[in-house]
Amino acid sequence: MSVILVTGASRGIGAVLANNLATLGHTVYAGVRKPQENWDLREARGDIRPLVLDVTDPVQIREAVSAIVLNEGGVDVLINNAGVAWFAPAEEMSDYVLRTTMETNFFGAVRCTQEVLPLMRRNRSGQIIMISTLAAARGLPLESAYCASKSALEAYAESLRHEVVRFGINVSVVEPGITDGGLSTSIPDPEAKSSSAYQPLLDHTFDYYEGAHATRESAELIVDCVSSILKGEESAFRYRLGELAPVIESAVRASGHQAESIVRTALGIDWWVKGDER
């Protein structure tokens, strides 16, 4: 069994991962920004240990990893799950949202990775898993900051994989789609400029995600994928999950207008692109 650090584990996908991995017998350290709010971890049935960890705070990252090393001797697996997302047109996006998204989704994961890599390298073993999104492959409207942060994370992970494989360290990316408890429950940018120009697209997008609520996929898909990686049953770099995965695969293989058409049709925004009324 492994010593695992899961970031962003207070609720949603992170809490599901922490709970399930602990139940499987792993020792799981669940990084949470506010321990008093880790409601989703209170019914854990395995060896799960919440610890204060805001991935935008380098000091907390260092202290968290040091505490795990003191207790366990090292970190076998890092699951970079912490993430934030807001809906906003790129033109109107606030500086706060853009910077917070990049600080959390990209820089936070990078800092956590840098903190555990020396330990894994000395042990000549380790697993780093980035919880990304299908939206990293093709940019989606109103999610430019989120898509950009996850695309950057995947490029970083791909480069890192080449560098550390000689030390017995594996790097993987997991791309879920619309997941129950995931970031598809994004909220509007509270500081975005007020404009009616993009309002029809905003209304449509909220309706789209709200309508998808009943068909959101279980976070168990992600748990099963991560479990397979940890067991050594899987050795690929990227894992695309869920019903939308084939759509994204098609968009990735396509080019130019064809790729754009696939995304626009999937999201139901052809009317917007054509300048029609909803």
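A search of this whole structure, which is a predicted model, turns up eight aromatic pairs, and I would like to go through two of them before turning to the nonpolar cores.

In the first, the ring centres of Trp 86 and Tyr 96 lie 5.9 Å apart with their planes at 65 degrees, and because edge-to-face requires an angle over 60 degrees, the pair falls into that class. Trp 86 sits in strand 5, residues 86-87, and Tyr 96 in helix 3, ten residues apart, so that distant parts of the chain are linked. Trp 86 is buried, with a relative accessible area of 13%, whereas Tyr 96 is partly exposed at 42%.

The second pair, Phe 87 with Phe 206, is also edge-to-face, at 5.2 Å centre to centre and 90 degrees between the planes. Since Phe 87 belongs to strand 5 and Phe 206 to helix 5, residues 199-211, this pair ties together parts that are 119 residues apart in sequence. Phe 87 counts as buried at 3% relative accessibility, while Phe 206, at 29%, is partly exposed. Both rings belong to one aromatic cluster with Tyr 208 and Tyr 209.

Now to the cores. Among the 32 residues of the largest nonpolar core, Leu 5 and Ile 128 touch the most other members. Several elements each supply at least two residues, including strand 1, helix 2, strand 6 and helix 4, but helix 3 gives the most, with eight. Leaving aside residues up to four places away in sequence, the contacts of Leu 5 include Tyr 29, Leu 51, Val 65 and Ile 79. Apart from this core lies another, of 24 residues, among them Ala 9, Leu 17, Leu 21 and Val 226.

Definitions and conventions: Residues are numbered from 1 along each chain as its sequence is written. This is a predicted model: local features need pLDDT of at least 70, side-chain atom pairs count only at pLDDT 80 or more; totals for chains, interfaces and linings use all residues. Side-chain values use heavy atoms; hydrogens and water are left out. A nonpolar core is a set of buried Ala, Val, Leu, Ile, Met, Phe, Trp, Tyr and Cys residues joined through side-chain atoms within 4.5 Å. Buried means under 20% relative accessible area, exposed over 50%, partly exposed in between (1.4 Å probe, protein chains only). Helices (H or I, at least four residues) and strands (E, at least two) are DSSP runs, numbered from the N terminus. Contact means heavy atoms within 4.5 Å. Rings of Phe, Tyr and Trp (its six-membered ring) pair if their centres lie within 6.5 Å; planes under 30 degrees apart count as stacked, over 60 as edge-to-face and the rest as tilted.
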